[in-house]
Amino acid sequence: MFTYKLDEEIELRPLEPSHARPIYQLIDQSRSSLRQWLAWVDATNSVAASEEYVRSSMTQAMENGAFNAGIWYKGQLAGIIGFHEINWNHRSVGIGYWLGSHYEGKGLVTSALRVLIDYALIELNLHRVEIRCATGNHRSRAVPQRLGFILEGIIREAELLPIGYVDHAVYGMLQQEWKLKR
């Protein structure tokens, strides 16, 4: 993947080692809001942990084609979006995303997600994109809803977070559906 400009203010950049410090700083600044929905936040307690995350992301990209990209807004790291492991046999992928609390409500994830869906379903010719969100995370759930994803079901107690087990809403978009919406 390469740097992709969404507009004059927003771009996606593939993760690289120099991003570890800004990733850690963004997580640390938004720790209280992120930790209620993301299980890995408490374990990301140093720049070294962010470095390991970046290394792991780069390895996954080389081995599987999945990737994580920084969402940059006005030259500042605002969050991360990316493909979880691509299932090439079934031609499907899950997409995850998060934003620092200062960057919410600007349409950044929606804009970035459109690009990733196009890439997955058009460029990679995958059949399905899936997004899972905690049912109580209304901001995160609004993104796939806004883009016309179908709520396919609820997985009970799917993830253990600091607040306890949370249910996941599962949203799906099929290639033929996305082509009609473009």
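This is a short talk on the core, the salt bridges and the largest pocket of the structure shown above.

A word on the basis of it: this is a predicted model, in which local features need pLDDT of at least 70 and side-chain atom pairs count only at pLDDT 80 or more, whereas totals for chains, interfaces and linings use all residues. Residues are numbered from 1 along each chain as its sequence is written, and side-chain values use heavy atoms, with hydrogens and water left out.

Let me begin with the largest nonpolar core, where a core is a set of buried Ala, Val, Leu, Ile, Met, Phe, Trp, Tyr and Cys residues joined through side-chain atoms within 4.5 Å, and buried means under 20% relative accessible area, exposed over 50%, and partly exposed in between, with a 1.4 Å probe and protein chains only. This core has 51 residues, and those touching the most other members are Ile 71, Ile 81, Phe 83, Ile 95, Tyr 97 and Leu 113. Helix H4, residues 108–123, gives the most to this core, with 9 residues; helices (H or I, at least four residues) and strands (E, at least two) are DSSP runs, numbered from the N terminus. If we set aside residues up to four places away in sequence, Tyr 97 touches, among others, Ile 80, Ile 81, Val 109, Leu 113 and Pro 144, a contact being heavy atoms within 4.5 Å.

Tyr 97 also brings us to the largest pocket, which holds about 1,200 Å³ of space. Of the 47 residues that line this pocket, Leu 38, Gly 96, Tyr 97, Trp 98 and Ser 140 are the closest to its centre. The pocket is found on a 1 Å grid over the protein atoms alone, as an open set of points where a 1.4 Å probe fits, with protein on both sides within 12 Å along at least five of seven lines, and lining residues have an atom within 4 Å of a point. Grid points are joined across faces, edges and corners, and the volume is the space filled by probe spheres set on the points.

Now to charge. Side chains of opposite charge can pair when their charged atoms come close. The structure holds 10 salt bridges, each a side-chain nitrogen of Lys or Arg within 4 Å of a carboxyl oxygen of Asp or Glu. In one of them, Glu 9 pairs with Lys 74, with the closest N and O atoms 3.7 Å apart. Glu 9 lies in the loop between strands S1 (4–5) and S2 (10–14), and Lys 74 in the loop between strands S3 (68–73) and S4 (76–83), so this pair ties together parts that are 65 residues apart in sequence. Glu 9 is partly exposed, at 37% relative accessible area, while Lys 74 is exposed, at 54%.

Which residues are linked with Arg 128 in a network of salt bridges? They are Glu 130, Arg 132 and Glu 152. Within this network, Arg 128 and Glu 130 meet at 2.8 Å, N to O, and both of these residues are buried.

I will finish with Asn 64, which lies in helix H3, residues 47–64, and counts as buried because its relative accessibility is 14%. A polar atom of the Asn 64 side chain lies 2.7 Å from the backbone nitrogen of Ile 86. Leaving aside neighbours within four places in sequence, Asn 64 is in contact with Glu 85, Ile 86 and Trp 88.

Terms used
A polar contact is a pair of N or O atoms within 3.5 Å; within protein, one must be able to donate a hydrogen and the other to accept it, and residues adjacent in sequence count only if both atoms are side-chain atoms.
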